[in-house]
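Good morning, and thank you for the time. I would ask you to look at the sequence and the structure together while I speak.

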Amino acid sequence: MSGERGVLTPRLLTHNRGVNTPRSPSRFGINMRILFIGDIVGQPGVTFLKRAVPALVASEGIDLVIANGENASGGLGMTPGAYRQIREAGVDLVTLGDHIYKKQDIISVLEKDERVCKPANFPPLAPGKEFALATARDGTTVAAFCLIGRTFMRPVDCPFQAADRVLRELEGKASCIIVDMHAEATADKYLMAHHLKGRVSAVLGTHTHVPTADEQIMAPGTAFISDVGMTGPYDSILGRRVDRVLYTTVTFIPSAFDVATGDLRLGGAIVDVDAATGRATAIRRVMLDEAGLEALRGTVQVPVGENL
Ligand SMILES: [Fe+2]
Ligand SMILES: [Fe+2]
């Protein structure tokens, strides 16, 4: 994809000490920049997030941060405490996925808090809001919502009709709209991106925990990537201990799939959006590991209190 118009060169931040990446040109010269972060896995993921987000925000001039928190607590679900930590790390909006209700304490938060949302194609009686809203640092109102795919996943309502319904609800409320497409199949993600291109700023994939290299801008201005990867231990099977998952897979004897601890990384994408039109002008993958984070922290001043 490199060289394609509107797509910045992908990079592993470990090997790139450059900071303050210039924003891509905007028709009106008022681009805003959004950091979208893939599934946060367990306390190791939350802890790495708390260290990485302030550094990324400072170095990249991020206006708003969105993260998927469905695996934040023990790898399944998100407790109110984990939600608080994620928000305090600098995440403005939190999306979720198929594991949303695994920690049921979160339900009262989902019913009240405007910064977190349930998958919009869950049944109407499933608790939570269908979209989340916040004002970015540049003053732009940004909306985020998430959808669950229907291939190799628990049956849910039609994600295409749900997206259309949420967009009608968002009319006049937000010009910059980011969709977290939480699906197993890449085809489900591409189909949603084509369904929504020109109607939202970005359709960004989560759930598989494995990043893909297909970031692109779909005309006339919707950023897309099949999956941004997870935020947590990469020395693992999708965030869980390799020995446990391998043992159970080979022997069929159940074991506890505890969250792993090694090779912590933040997986995500940075999207530049023309704030006047809501159209994306660039997308770039982010894969930040421990060495990359240390390099980053050496080049930026992280505000006091955020230097966790
Ligand atoms: Fe996940
Ligand atoms: Fe998921």
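I begin with a term that will recur: two residues are in contact when they have heavy atoms within 4.5 Å of each other. By that criterion, Pro159, Phe160, Ala163, Asp164 and Leu167 of helix H4 meet Leu191, Met192, His195 and Leu196 of helix H5. Sorted by character, the residues of this contact comprise 7 nonpolar, 1 polar and 1 charged. Helix H4 spans residues 159-170 and helix H5 residues 186-196; their axes lie 11 Å apart, at an angle of about 35°. The crossing of H4 and H5 is right-handed.

Let me now place this pair in the whole chain. What you see is a predicted model. The mean pLDDT is 91, with 88% of the residues reaching 70 or more. Residues 1-19, however, have a pLDDT below 50, and in the model this stretch makes 44 contacts beyond near neighbours in sequence. The chain holds 7 helices and 12 strands. Of its 308 residues, 56% count as buried. Among contacts between residues at least 6 apart in sequence, 66% join residues at least 24 apart.

One residue that illustrates such contacts is Ile148, in strand S5, residues 141-148. Is Ile148 buried or exposed? Its relative accessible area is 2%, so Ile148 is buried. Beyond its neighbours within four places in sequence, Ile148 is in contact with Gly97, Asp98, Pro119, Asn121, Phe122, Met153, Val156, Pro159, Met181 and His182. Pro159 in that list also belongs to the H4 side of the contact with H5. The C-alpha atoms of Ile148 and Ala120 are 7.9 Å apart, although 28 residues separate the two in sequence.

I turn next to the loop between strand S2 and helix H2, where Asn71 lies. Asn71 has a relative accessibility of 3%; the limit for a buried residue is under 20%, and therefore Asn71 counts as buried. Which backbone atom does the side chain of Asn71 reach? The side chain reaches the backbone oxygen of Gly75, at 2.9 Å. Leaving out residues up to four places away in sequence, Asn71 touches Asp39, Ile40, Val41, Gly42, Leu76, Gly77, His99 and His209.

Ser73 is found in the loop between strand S2 (64-68) and helix H2 (80-88). With a relative accessible area of 9%, Ser73 is buried. A polar atom of the Ser73 side chain lies 3.0 Å from the backbone nitrogen of Thr79. Thr79 is also among the residues that Ser73 touches, together with Met78, Ala82 and Lys103, when residues up to four places away are not counted. Between the C-alpha atoms of Ser73 and Gly45, 28 residues apart along the chain, the separation is 9.4 Å.

Finally, some points of backbone geometry. Most residues other than glycine have a negative phi, and most peptide bonds are trans. The bond from Ala219 to Pro220 is cis, with omega near 5°. Pro220 sits in the loop between strand S8 (216-218) and strand S9 (222-225).

Phe252 has a positive phi of about 70°, and Asp263 has a positive phi near 55°. Phe252 lies in the loop between helix H6 (242-251) and strand S11 (264-274), and Asp263 is in the loop between H6 and S11 as well. How exposed is Phe252? Its relative accessibility is 73%, so Phe252 counts as exposed. Asp263, at 36%, is partly exposed.

Technical notes: Residues numbered from 1 in each chain as written. Chains lettered and ligands numbered in written order. Predicted model: local features only at pLDDT ≥ 70, side-chain atom pairs only at ≥ 80, totals over all residues. Heavy atoms only, no water. Helix = DSSP H or I, 4+ residues; strand = E, 2+ residues; numbered from the N terminus. Buried < 20%, exposed > 50% of the residue type's maximum accessible area, 1.4 Å probe, protein only. Polar contact = N/O pair within 3.5 Å; in protein donor to acceptor, adjacent residues only side chain to side chain. pLDDT = per-residue confidence, 0-100. Axes fitted to C-alpha atoms, helices over the stretch in contact; angles between N-to-C directions. Left-handed = near helix turned anticlockwise from the far one by under 90°. Nonpolar A, V, L, I, M, F, W, Y, C, P; charged D, E, K, R; others polar.
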